[in-house]
Each structure stands twice: as C-alpha cells, then as structure tokens.
Amino acid sequence: MEASVTDPLASLKTHEVSSTQLAEARERLATYGFAKLSFIVPEELKAAVAKEVLELVGGAGVRRDLRFAATGNTLRRMRNVRRDEVVRHSTVIPAVYSSETLLALLSEVAGEAVLPCPYEPEQYVITRLEKVGDTHGWHWDDYAFALVWIIECPEVEHGGFVQCVPGTKWNKENPEIHRALLAGPTYSASFVPGDLYLMRTDTTLHRVYPITGGVRTIINMGYAATTDLERRISHETMDALWADSAPAAPQIR
Ligand SMILES: O=C(O)CCC(=O)C(=O)O
Ligand SMILES: [Fe+2]
C-alpha cells in the first residue's frame, strides 16, 4: 500500500461522534424502529465501502423475482450479491462489518449489545433495485438489527424510500402483514447516497417502495442481539432469497 493511501479502518478509529448525536439516534431508534446514522462513520470510509459495493454489483449478482409465504407473499424483485462473494472480492467491507469500534457505536445507539450475526450468509448482502417495479417488499429480518449503507438512490419521485411499522412481530407461520400494517403508524424516510441507517429489523415491519426509475444500491449489514444467540432462528426466507440462482432468471456473472 502506498504511504499516501490512508487506511479507511484507521479513519473510523479516530472519527469523532458526539454523545448527543448518539443519544438522539437512540431515542429515534426506540420510537420509530430506525434511526439515520450518517454521522457514525467518516466520509473516507463511506467512499471505500461504496467503491467495493459498486465494483461488486457491476460484475456479479443474481436477479431475484420472488414472493415468500412467510411474509404474506410480498415481492422481492432485485439484484443481489451474497456475503460469500463479497468476502472473496473485497477487504474493507468484511473489516468494517466486524470492527469493534463500529460495534461499540451501534451498541450505544441500540442500548444493548449489537453482535456479529452468527449465521454468516446473513452478515451482509448487496441489493440493487434497477428496473421499474423493483422492490424489497414488506418483511421482517431474522436478526435484530440492520445497518444499511445507501450507495445509490433515485429521487423520491421515483420511489426507493423506506417505510416501516415499528413494534410488530413476525409470525412465520401466519405473518398477517395487513394486520401488522394496521397495528400502528407507518413511518416513511428518504435517504441520499452517503446515508446510513440502523433498524430494529426483527420487530419493525419494513419495505423499500417500488422504484419507477433510477438505480438504488445498498449494502445491508445484519447484526444480532444477545437474545438471538440464545434462540433457534430459522433462515428459510433469507436462504431462498440469497440462494445461488434465482428460479425465474439465469445467474448473471
Ligand atoms: O434496502 C433497504 O433499505 C432495506 C433492505 C432490507 O430490508 C434487507 O436487506 O433486509
Ligand atoms: Fe430487511
């Protein structure tokens, strides 16, 4: 490595975050089920992650066009790059994912320990919405937390914003999405490239509004709560979602 190239991980260690910002984010996460956390990492690190994501999603990934009974047959229409492929071709993303500095900050916001996901395929996944109608439909995640890095995003007129209903629970046998939607207010939030947000994904029903233009690219880093390590978690929707090939479309490499 050239001397002039700074280590993006080192920039995270020296990055300053105020206790007020963390306290406000904690409050928002508890109230709305998600909190914007764009301040939590330095711009340099965002740029390094974005570079790896864009390189990966340009040359790899699988188109999905699926519906899952376990989430009331909501639609997943997108391109994904799975964790094992990310690991093979990138260095910054795996290091950021398990950075003790980042985990400590996230734990501060969550008000409890935020831990690396024990099930490796759900640690991180790149998702790109790129065609009209592409969407990550209503669902919950298997693990407690997701840190989403927004790399590319269309203007709100073209959709691609996030919606969520906090304080809802996933019954995989009987998801009753409509009842969950009616259980409380739905919050909507738009993001721009460079934004990050943390969501309490096991108790917050969420989706990405279908796009009508542009491209939306994110990397989702999934994290566990202590209670996740104590209970048995099944992974059928995520296993099917991130499977090697999609039934409706050929694998593109
Ligand atoms: O794209 C997003 O903002 C959310 C992604 C998501 O919900 C997921 O990957 O499970
Ligand atoms: Fe999700």
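How far does a polar side-chain atom of H139 lie from an oxygen atom of ligand 1? In this predicted model, the distance between that polar side-chain atom of H139 and the ligand 1 oxygen is 3.1 Å. H139 also serves as one of the protein donors of the iron ion (ligand 2), and this briefing therefore begins with the metal, since the pair D141 and H206 ties together parts that are 65 residues apart in sequence. The later points turn to ligand 1, to the residue T217, to the salt bridges, and to helix α6 and strand β4.

**The iron ion**

- The protein donors of the iron ion (ligand 2) are the NE2 atom of H139, an OD atom of D141 and the NE2 atom of H206, and these lie 2.1 to 2.3 Å from the ion.
- Along the sequence, the spacing of these donor residues can be written as H-x1-D-x64-H.
- D141 belongs to the loop between β6 (135-139) and β7 (145-152), whereas H206 belongs to strand β11 (residues 204-208), so this pair ties together parts that are 65 residues apart in sequence.
- Both of these residues, D141 and H206, are buried.

**Ligand 1 and its surroundings**

- The residues around ligand 1 are H136, H139, D141, V148, V162, Y197, H206, V208, R216, I218 and N220, and among them H139, D141 and H206 are the protein donors of the iron ion.
- A polar side-chain atom of H206 lies 3.1 Å from an oxygen atom of ligand 1, while for R216 the distance from a polar side-chain atom to an oxygen atom of ligand 1 is 2.8 Å.
- Taken alone, ligand 1 exposes 290 Å², and the protein buries 97% of that area.

**T217 in strand β12**

- T217 has its place in strand β12 (residues 216-224), and with a relative accessible area of 0% it counts as buried, because buried means under 20%.
- The side chain of T217 is joined to that of R128 by a polar contact of 2.9 Å, and to that of E152 by a polar contact of 2.6 Å.
- When its neighbours within four places in sequence are left aside, T217 is in contact with V53, V57, I126, T127, R128, W149, I150, I151 and E152, a list that includes both of its polar side-chain partners, R128 and E152.

**Salt bridges**

- The structure holds 15 salt bridges, and one of the groupings is a network of salt bridges that links R63, R79, E130 and D134.
- K51 and E55 meet through their side chains in a salt bridge, with 3.3 Å from N to O, and both residues are exposed.
- K51 and E55 are 4 residues apart in helix α3 (residues 43-59), which means that about one helical turn separates them.
- In general, an α-helix has 3.6 residues a turn, so residues three or four places apart point the same way.
- R83 forms a salt bridge with E120, and the closest N and O atoms of the two are 3.6 Å apart.
- Because R83 lies in helix α4 (residues 83-89) and E120 in the loop between β4 (115-116) and β5 (124-129), this salt bridge ties together parts that are 37 residues apart in sequence.
- R83 counts as buried at 16% relative accessibility, whereas E120, with a relative accessible area of 43%, is partly exposed.
- The side chains of D142 and K172 also meet in a salt bridge, with 2.8 Å from N to O.
- D142 lies in the loop between β6 and β7, and K172 lies in the loop between β8 (162-166) and α7 (177-182), so the two residues tie together parts that are 30 residues apart in sequence.
- D142 is buried, with a relative accessible area of 3%, while K172 counts as partly exposed at 22% relative accessibility.

**Helix α6 and strand β4**

- The buried residues of helix α6 (residues 100-110) are L102, L103, L105, L106, S107, V109 and A110.
- At the N-terminal end of α6, S99 acts as a cap, with a side-chain oxygen 3.2 Å from the backbone nitrogen of T101, and just after the helix G111 takes a positive phi of about 75 degrees.
- L115 is found in strand β4, where it counts as partly exposed at 23% relative accessibility.
- Apart from its neighbours within four places in sequence, L115 is in contact with Y223, A224, A225, T226 and L229.
- L115 and H136 are 21 residues apart along the chain, and their C-alpha atoms are separated by 24 Å.

Conventions
Residues numbered from 1 in each chain as written. Chains lettered and ligands numbered in written order. Predicted model: local features only at pLDDT ≥ 70, side-chain atom pairs only at ≥ 80, totals over all residues. Heavy atoms only, no water. Donors = N, O, S within 2.8 Å, 3.2 Å for Na, K, Ca; no water. Buried < 20%, exposed > 50% of the residue type's maximum accessible area, 1.4 Å probe, protein only. Polar contact = N/O pair within 3.5 Å; in protein donor to acceptor, adjacent residues only side chain to side chain. Contact = heavy atoms within 4.5 Å. Near = heavy atom within 4 Å. Areas by Shrake-Rupley, 256 points an atom, 1.4 Å probe, with all protein chains shown as cover. Salt bridge = Lys/Arg side-chain N within 4 Å of Asp/Glu carboxyl O.
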